[in-house]
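Biologist: I would like to learn how to read side-chain features in a model. Could we go through one together?
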Amino acid sequence: MSRASTPLLAASLGAGLLGERNAVAEARKEGATGSDAGTRTYNIRDYGAKGDSVALDTAALQAAVDACTRDGGGTVLVPAGTFLIGTVELKSNVTLHIAAAGKLLGSGNGKHYHAVGAIPLRGDTTLEDGNWALLFAVNAKRVTIEGPGTIDGQGAQFHSAVRGTPPPSGLGGNRRPYHILCYRCEDLTVRDLTLVDCAYHSIRVIESTRVHMDHLYIHNRVNGNNDGFHFISAEYVTVSNCTVKSQDDACAMFGSCRYITITNSSFSTRWSVFRFGGGSANNITISNCLLYQVYGCPIKFQVNTGSRHENISFSNLVLDDVTGPIHLSVGPRPPRNSAAMPSHTGDEAPAVVRNISFSNIHGTVTTAPQQLPEASVGSGYRPGEGHSCITLNCIGGAVLENITFDNMHLTFGGGGTAEEAARRDLPQVAGEYFMLGPMPAYGLYARNAKGLTLQNVRFEVSTPDLRPAVIFDHVADAAINGLSVQGNSGAESVLRFIDTKQTLLSAARVLTPSSTFLQLEGDGNDGIIIDGGDLSKSSKPLAFKNGATEKAVKLRD
């Protein structure tokens, strides 16, 4: 071969390689198949994405997803860059991989989003919240969204600084987009991601099965209703190794959620962390979590007529600077008109909450909630949010039974007044934890519960409190062993039982100089036994009021 022919050969080879690459790219766009089907990577830049944070890359990302699922699946790659997008649909067998230096940036223009018509707005709990999203999937299988990159929703653009005026994006209320919205999906995984500044809930999963959330950082404090996780009737769910800082519910489980495990995570929020309501939830475990700066009650059940929640376990939790801290409210739904009675019909089954356990829980409960750090929106506090306590509230013929507290040590902020302690007739509502007003107990208040167990529970206060540590109001079948509580010599009593039956107190200890240990009120008290313990710091062991008599109680050394 002559030297003159060499450049021609090189040019020919180069043209051939270029042609081959173009053919591969075109084949991918057309949905070619082959031995590597289902394993290919679809770089969104190959589909026209710019990644300059200015050009709208929605169509390019959607084209890559469509090609990927058409080829039998694979990986859609978001490389380094900031890719501005509106609503994008994810489909079966697609892994959306966002590189470490890659970011999906939600558009601040509401015209770049649309409602997902396939997701109904009624038929399950909280569906009325809306069906708009940045990323969504419907009836999809084997969908993964993974990092280590970032999804930024620019949620502040969907918040109106002045009530009654539209936000900068033009979208507000229930038309705000979620970061991720999935409906009736199977085998959904979200992992190794940073999700920030959503317009609404960060991750919302509806009626889906086999859902896995792992190693996520969610920072969502730029708008109202900024939830972290929001599960609706989801099952076989795992949440692990996550950090959530939210403005609203950090991990809501509404509707008929079941077979859920949540572990090794930390949560902070202006509202609840683990919130339950609606449907029939069961078989859920929550363990090894840190709940800090939670100013809206970390664990909250609102179970109304027709719903039942059972077999749920909370263990190994650290609470640091929280209100509440636990609220179980069971019965007819509270009326919209505060002057009306709770609403329910005779045809509905009574609300049921049973077999709920709390073990190895330690921490501090504040009476002075603060505005959250790093939050650009805030909200005021209601009077009932400060002087709260563990509350078991059952009304209207509902069932609240078999609740266990084991190895719990909480220090409350204190400061309760004699006026608050004097409250006997709390509102007959099964709603939010603040609806009962400032609580008459500083540690635990239980109404109409049965099968209640306290084992090795210690309640203290950081400042003097004139409220009883524990109040039982129409409680039956209770066992209390190893209760250690602080009292106050200016308070009416350390414990108060109102028409309570079949209750055993053993090995109780009063930690500070106090007034009466146990005050019984009402002629319905019966079968109460105080067995041993150290009550020496109380001025007297028993007092009786409103028809209660010595026949109701046995005091054994």
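Biologist: Let me start with a single ring. Is tyrosine 259 buried, partly exposed or exposed?

Modeller: Happy to help, and please keep in mind that this is a predicted model. Buried means under 20% relative accessible area, and exposed means over 50%. Tyrosine 259 has a relative accessible area of 32%, so tyrosine 259 is partly exposed.

Biologist: Which ring pairs with tyrosine 259, and how are the two planes set?

Modeller: For ring pairs, planes under 30 degrees apart count as stacked and those over 60 as edge-to-face. A search of the whole structure gives 17 aromatic pairs. In one of them, the planes of tyrosine 236 and tyrosine 259 are at 20° and the ring centres 4.8 Å apart, so this pair is stacked. Tyrosine 236 belongs to strand S16 (residues 235–240) and tyrosine 259 to strand S19 (residues 258–269), so the contact ties together parts that are 23 residues apart in sequence. Tyrosine 236 is partly exposed, at 42% relative accessibility.

Biologist: What would an edge-to-face case look like here?

Modeller: Take tyrosine 433 and phenylalanine 434: their planes are at 75° with the centres 6.3 Å apart, so the pair is edge-to-face. Both tyrosine 433 and phenylalanine 434 are buried. Rings can also gather in a group: one aromatic cluster is formed by Phe267, Phe274, Phe276, Phe301, Phe314, Phe358 and Phe405.

Biologist: Which charged end sits over the ring of phenylalanine 434?

Modeller: That is arginine 382, whose charged end lies 4.2 Å from the ring centre. Another case of a charge over a ring is arginine 176 above tyrosine 200, at 4.0 Å from the centre.

Biologist: Arginine 382 carries a charge, then. With which side chain does arginine 382 meet in a salt bridge?

Modeller: The partner is glutamate 385, at 3.5 Å from N to O. For a salt bridge, the cut-off is 4 Å between a side-chain nitrogen of Lys or Arg and a carboxyl oxygen of Asp or Glu. The two partners sit in unlike surroundings: arginine 382 is partly exposed, with a relative accessible area of 38%, while glutamate 385 is buried at 0%. Salt bridges can share partners too, and Arg308, Glu310, Arg354, Glu401 and Lys450 are joined that way into one network.

Biologist: How many salt bridges are there by this rule?

Modeller: The count comes to 26. One of them joins glutamate 207 to arginine 184, with the closest N and O atoms 2.8 Å apart. Glutamate 207 is in the loop between strand S13 (203–206) and strand S14 (209–220), and arginine 184 is in the loop between strand S11 (178–183) and strand S12 (186–196), so this bridge ties together parts that are 23 residues apart in sequence. Glutamate 207 is partly exposed at 23%, and arginine 184 is partly exposed at 46%.

Biologist: Strands S16 and S19 came up with the stacked rings. Which salt bridge has one partner in S19 and the other in S16?

Modeller: Arginine 258 lies in S19 and glutamate 235 in S16, so their pair ties together parts that are 23 residues apart in sequence. The side chains of arginine 258 and glutamate 235 are 2.7 Å apart, N to O. Arginine 258 is partly exposed, with a relative accessible area of 32%.

Biologist: Let me turn to the backbone. Where is there a cis peptide bond?

Modeller: Look between glycine 324 and proline 325, where omega is about 5°. Proline 325 is in the loop between strand S23 (308–322) and strand S24 (326–330). For phi, see asparagine 139, which has a positive value of about 55° although it is not a glycine. Asparagine 139 counts as exposed, at 52% relative accessibility.

Biologist: Finally, how do I read empty space?

Modeller: Rolling a probe the size of a water molecule over the atoms shows where empty space is left. Here the largest pocket has a volume of about 1600 Å³. The pocket is lined by 48 residues, and the closest to its centre are Asp129, Asn225, Asp248, Trp271 and Arg275. The lining divides into twelve nonpolar, 22 polar and 14 charged residues. Strand S20 (residues 274–277) gives the most to this lining, with three residues.

How values were computed: Residues are numbered from 1 along each chain as its sequence is written. This is a predicted model: local features need pLDDT of at least 70, side-chain atom pairs count only at pLDDT 80 or more; totals for chains, interfaces and linings use all residues. Side-chain values use heavy atoms; hydrogens and water are left out. On a 1 Å grid over the protein atoms alone, a cavity is a set of points where a 1.4 Å probe fits but cannot get out, and a pocket is an open set with protein on both sides within 12 Å along at least five of seven lines; lining residues have an atom within 4 Å of a point. Grid points are joined across faces, edges and corners, and a volume is the space filled by probe spheres set on the points. Helices (H or I, at least four residues) and strands (E, at least two) are DSSP runs, numbered from the N terminus. Ala, Val, Leu, Ile, Met, Phe, Trp, Tyr, Cys and Pro count as nonpolar, Asp, Glu, Lys and Arg as charged, and the others, Gly among them, as polar. Rings of Phe, Tyr and Trp (its six-membered ring) pair if their centres lie within 6.5 Å; planes under 30 degrees apart count as stacked, over 60 as edge-to-face and the rest as tilted. Buried means under 20% relative accessible area, exposed over 50%, partly exposed in between (1.4 Å probe, protein chains only). A charge sits over a ring if NZ of Lys or CZ of Arg is within 6 Å of the ring centre and within 35 degrees of the ring normal.
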